[in-house]
Amino acid sequence: MILSINIVENNMLNMLLIAAIYLGIFSVAGLFLVLLERKVAAWFQLRLGPNRVGPWGLLQTMADALKLVSKELTGTVKADKFLYNLAPYFVIISSLMALAVFPFTQEFQAFDINIGIFFLIAISSIGVIGILLGGWASNNKFALIGAMRSGVQTISYELSVGLSLVTMVLLTGTLQLSEIIEVQKNGWLIVQGHIPAIIAFMIYMIAGTAETNRAPFDMVEAESELGAGFHTEYSGMKFAYFFLAEFINMFIIAAIAATVFFGGWLEPAWLTPLGIAEVFPAIGVFWFLGKTFALVFLMMWFRWTFPRLRVDQLLTLEWKYLLPLNLLNIVLMALIVWLGLTIQI
Amino acid sequence: MDTNIANSNLKSEDYFINMGPQHPATHGVLRLLLTIDGEIIKKVEPDLGYIHRSIEKMCERDSYQQIVHLTDRMDYLSSHINNEAVCLTVENALQLEVPERVKVIRTIIGELTRIASHCLWWGVMGMDVGALTTYFYGFRDREMINDIFEETCGARLTMNYNIPGGLMFDIHPNFVKRTKDFVAHFKTKIPEYDKLLTGNVIFQKRMKGVGILSKEDAISFGASGPVARGSGYSCDVRKYHSYSALDKVTFNEALKTEGDSLARYEVRIQEMWESLSIIEQLIDNIPEGEHKVATNAVIKLPKGEFYQKVETARGELGVFINSTGTKNPYRLKFRSPGFSNLSLLNHIAVGGKIGDLVASMATLDLVIPDIDR
Amino acid sequence: MDLMKVNKRAVMTNEALQNLISSWNFELEFTEEGSQFLNISVKPESFHQLMSQLKSNNETYFDYLFCVTGMDWGKELGVIYHLESTKHRHIIVIKIKTDDRENPTFDTVSDIWKTADFHEREVFDFFGIKFNNHPNLKRLFLTDEWEGFPLRKDYVDEINMVIK
């Protein structure tokens with residue numbers, strides 16, 4: 001399954017085919033993530049979780065999706081109809097677009113762009129426009145507060161996500177994701193960059209969780225404060241788009257972390273002598289997804305353990321602690337790279 | 001602001017939001033009309049009555065045995081203690097001495113009710129500040145208590161176990177053993193609660209210094225229960241106006257002086273320990289004897305006014321009966337703890353954020369049917 | 001043990017309280033209702049003054065107003081206040097009455113005890129008793145357009161009330 005394509009050479013049909021495959025895979029993956037979250041939540045909460053639809057409840061979210069598709073699309077009378085309807089697509093499309101640049105394994109990458117990391121940061125900040133639009137256009141006070149919180153939160157934490165990735169770019173010297181992985185054949189970046197890389201990883205995970213609006217940073221929804229936040233007035237499939245986008249965003253944040261810090265589809269160094277990857281290159285997908293899901297689990301762990309921050313504490317954390325730390329960390333990383341103190345295997 | 005022409009010409013309106021009556025944080029059908037400035041609360045105005053059933057008016061047509069059952073539906077999390085309050089009032093009015101066995105059993109079940117109520121409060125408290133897992137931990141332990149109740153009283157929530165003159169029936173043979181099992185179990189679980197929520201940095205930041213209520217205000221607002229004790233106002237009815245078997249046990253009144261949400265939280269956690277200790281002191285020494293004394297089928301209270309206060313899980317519940325000597329009370333008033341505690345919400349929430357309002361409201365532990373009655 | 005301390009501290013008996021309060025030159029009536037507390041009936045005119053003195057006087061120091069009950073005695077309407085002192089732990093009951101069923105009005109005590117704000121609104125809601133100088137006297141439980149005052153004895157509602 002070689003999907004590495006050169007846009008100039010390949011025709012429209014090829015592109016559409018790939019788009020369809022990606023769309024198909026990731027709507028299913030999104031549903032699976034929802035199921036995973038529910039199962040993980042259940043394990044944390046002394047429950048069983050979904051276990052009635054299909055074996056181990058595997059088809060539960062499929063059934064939920066079917067239900068949502070068949071539901072009536074309600075809305076408020078005084079909503080700004082155009083923006084109201086546009087918002088969910090903004091959110092879902094921006095998160096699906098981000099998926100295009102990930103290298104799932106060697107040669108399995110839809111769009112190997114030379115500004116990969118930059119593209120990811122840019123595209124993931126478009127999603128917030130959808131949330132702002134949704135909150136504003138639905139003409140609901142709770143939704144508006146939720147949307148405003150989202151704007152504040154995403155703009156703040158965007159900085160930390162960006163800067164922590166920039167720290168790692170200092171180490172790789174490239175923004176292209178395939179090359180970032182190439183660099184890591186000498187050791188995962190979290191090993192190569194040791195102390196500053198670990199700091200960058202921690203900041204990235206905190207800021208990444210905040211950027212996906214997940215607990216403990218779920219100000220935007222904060223069901224005990226705002227009911228449902230920005231998507232209060234959405235129902236049916238439009239709500240499902242928001243919901244799905246949240247989970248795909250979580251996947252994206254984890255996938256970026258897996259690619260940039262943990263070697264992407266590369267197998268652990270101690271397995272290289274066995275030569276499995278040479279015989280069977282597709283095993284890279286396993287490693288990539290394994291690392292990603294480990295990080296996704298970490299984010300779920302956060303969610304089901306921590307209480308929520310208050311909105312001003314959220315901003316204090318970013319502007320007073322994470323951002324200065326991040327800037328210092330960049331200097332530290334630059335020093336380490338300059339002095340050649342990286343660990344190469 | 002006549003001098004400031006620029007400002008006087010600007011038309012500005014307050015931003016209102018309706019919190020409730022179907023809002024997750026109000027735990028029932030309480031409606032709060034919030035005036036906010038961005039995230040900051042300027043005014044909180046409670047609007048009550050969504051579950052008002054006029055229990056006081058209904059009591060005026062009911063017999064005293066029937067009234068006991070109505071009280072379950074007020075503060076449904078302390079239903080046993082509510083029942084006890086009415087029974088004690090009637091018994092005092094009739095000058096009826098109930099057997100020691102009844103007193104001890106009432107106290108044990110009352111304290112179990114308190115723990116069950118605090119378990120539920122702890123669960124939803126965590127949920128209100130965004131920690132969803134606490135809910136299930138709280139319910140796991142509450143479930144054990146409910147099972148004990150189910151076996152003895154036949155009901156899990158609205159127990160109707162008390163009747164004027166004693167108890168409806170004797171305790172189940174398993175009661176003592178299961179209660180002891182629960183006490184042993186729960187002693188290992190409160191530290192778990194602390195580990196999961198109390199010690200969490202985010203939780204501490206959310207609660208410390210939020211919703212501060214001074215001791216003077218607590219008294220002036222008629223606060224009672226853990227809300228008042230978090231402000232350093234010693235008001236435990238079990239201490240000052242002891243009833244049932246509470247004079248036979250030693251326990252400490254949980255007191256904190258900070259007056260913030262965290263203090264109210266810690267008082268409740270401490271109260272669970274104290275309740276466990278009360279149960280432990282009584283459970284091995286339930287006196288033998290009858291589980292009720294005979295009363296007339298139609299209870300007629302002597303002419304006069306009778307007042308009894310008890311300490312429910314939320315604070316001081318008062319029952320005021322004005323009797324004209326007939327089989328119904330002429331006027332019956334319930335002084336509910338939640339009603340007074342709610343009245344101070346505006347006072348502690350103004351100036352805070354929306355998140356603070358939710359956090360402080362959670363530590364008030366409001367049960368809406370108790371407020372509306 | 002705290003309880004012992006409370007008992008040892010000289011709790012003023014009802015009799016002592018009665019002697020003290022009757023020395024204050026108010027027109028009072030001490031009533032026996034078979035209740036364990038001291039009951040005092042006071043004229044509406046001197047009500048507010050008595051209440052503030054009950055709170056401010058160091059020997060009485062009734063700083064905790066825990067129960068406000070609206071009453072309909074059939075002919076008269078009135079309010080019963082239960083007061084407790086957090087310092088001395090004694091309890092007293094104050095009653096005010098009026099014959100005026102059309103427009104019963106008393107002074108508010110919400111300036112003395114903040115809790116009275118809500119409790120008086122409740123009394124207004126169910127008994128139609130108005131309170132002078134109350135900061136926000138409006139319906140609390142019932143809707144604004146509700147007619148009549150349900151806890152009065154002469155209230156009639158053929159649909160919602162089940163009379164046995």
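## Note on a predicted three-chain model

1. The area buried between chain C and chain B is about 4100 Å², with carbon and sulfur atoms giving 55% of it. Buried area here is the accessible area (1.4 Å probe) that two parts lose on being put together, summed over both. On the side of chain C, the residues that lose the most area to chain B are Tyr64(C), Phe118(C) and Phe141(C), which together account for 17% of what that side buries. The contact takes 50 residues from chain C and 50 residues from chain B, where contact means heavy atoms within 4.5 Å.

2. The basis of the values should be stated. This is a predicted model, in which local features need pLDDT of at least 70 and side-chain atom pairs count only at pLDDT 80 or more, while totals for chains, interfaces and linings use all residues; side-chain values use heavy atoms, with hydrogens and water left out. Residues are numbered from 1 along each chain as its sequence is written, and chains are lettered from A and ligands numbered from 1 in the order in which they are written.

3. Two pairs of chains are in contact, and chains B and C share the most contacts. In the other interface, 33 residues of chain B meet 25 residues of chain A. Chain B and chain A bury about 2500 Å² between them, 60% of it on carbon and sulfur atoms. Leu132(B), Phe136(B) and Ile202(B) supply 20% of the area that chain B buries against chain A, more than any other three residues. Chain A and chain C are joined by no contact, and their closest C-alpha atoms lie 24 Å apart.

4. Chain C contains four helices and seven strands. Helices (H or I, at least four residues) and strands (E, at least two) are DSSP runs, numbered from the N terminus. The order of elements in chain C, from the N terminus on, is α-α-β-β-α-β-β-β-β-α-β. The C-alpha trace of chain C spans about 55 × 35 × 30 Å along its principal axes. Of its 164 residues, 53% count as buried; buried means under 20% relative accessible area, exposed over 50%, and partly exposed in between (1.4 Å probe, protein chains only). Among contacts in chain C between residues at least 6 apart in sequence, 50% join residues at least 24 apart.

5. In chain A, helix α4 (residues 116–124) has as its buried residues Gly116(A), Ile117(A), Phe119(A), Leu120(A), Ile121(A) and Ile123(A). These buried residues of α4(A) pack against α3 (81–99), α5, α6 (141–172), α7 (177–183) and α11 of chain A.

6. Lys71(A) is placed in the loop between α2 (60–69) and α3 of chain A. Its relative accessibility is 43%, so Lys71(A) counts as partly exposed. The C-alpha atoms of Lys71(A) and Ile199(A) are 45 Å apart, with these positions 128 residues apart along the chain.

7. The whole structure holds nine cavities of 30 Å³ or more. On a 1 Å grid over the protein atoms alone, a cavity is a set of points where a 1.4 Å probe fits but cannot get out, and lining residues have an atom within 4 Å of a point. Grid points are joined across faces, edges and corners, and a volume is the space filled by probe spheres set on the points.

8. The largest cavity encloses about 260 Å³. Its lining has 19 residues, of which Ile131(A), Glu211(A), Thr212(A), Asn213(A) and Asn249(A) are the closest to its centre. Two elements of chain A, α5 (127–137) and α11 (236–261), give two or more residues to this lining, and α11(A) supplies the largest share, seven residues. By class, the lining of the largest cavity divides into nine nonpolar, seven polar and three charged residues. Ala, Val, Leu, Ile, Met, Phe, Trp, Tyr, Cys and Pro count as nonpolar, Asp, Glu, Lys and Arg as charged, and the others, Gly among them, as polar.

9. The second largest cavity has a volume of about 70 Å³. Its lining residues include Tyr76(B), Thr113(B), Arg142(B), Phe149(B) and Met159(B). The elements giving two or more residues to this lining are α5 (100–128) and α6 (134–153) of chain B.

10. There are zero disulfides over all chains, a disulfide being a pair of cysteine sulfur atoms within 2.5 Å. Cys119(B) has its nearest cysteine sulfur, that of Cys153(B), 17 Å away. The sulfur of Cys153(B) is itself 13 Å from the closest cysteine sulfur, in Cys87(B), too far for a bond. Both Cys119(B), at 0% relative accessible area, and Cys153(B), at 8%, are buried.

Conventions:
1 Å grid on protein atoms, 1.4 Å probe; cavity = no way out; pocket = protein on both sides within 12 Å on 5 of 7 lines; lining within 4 Å.
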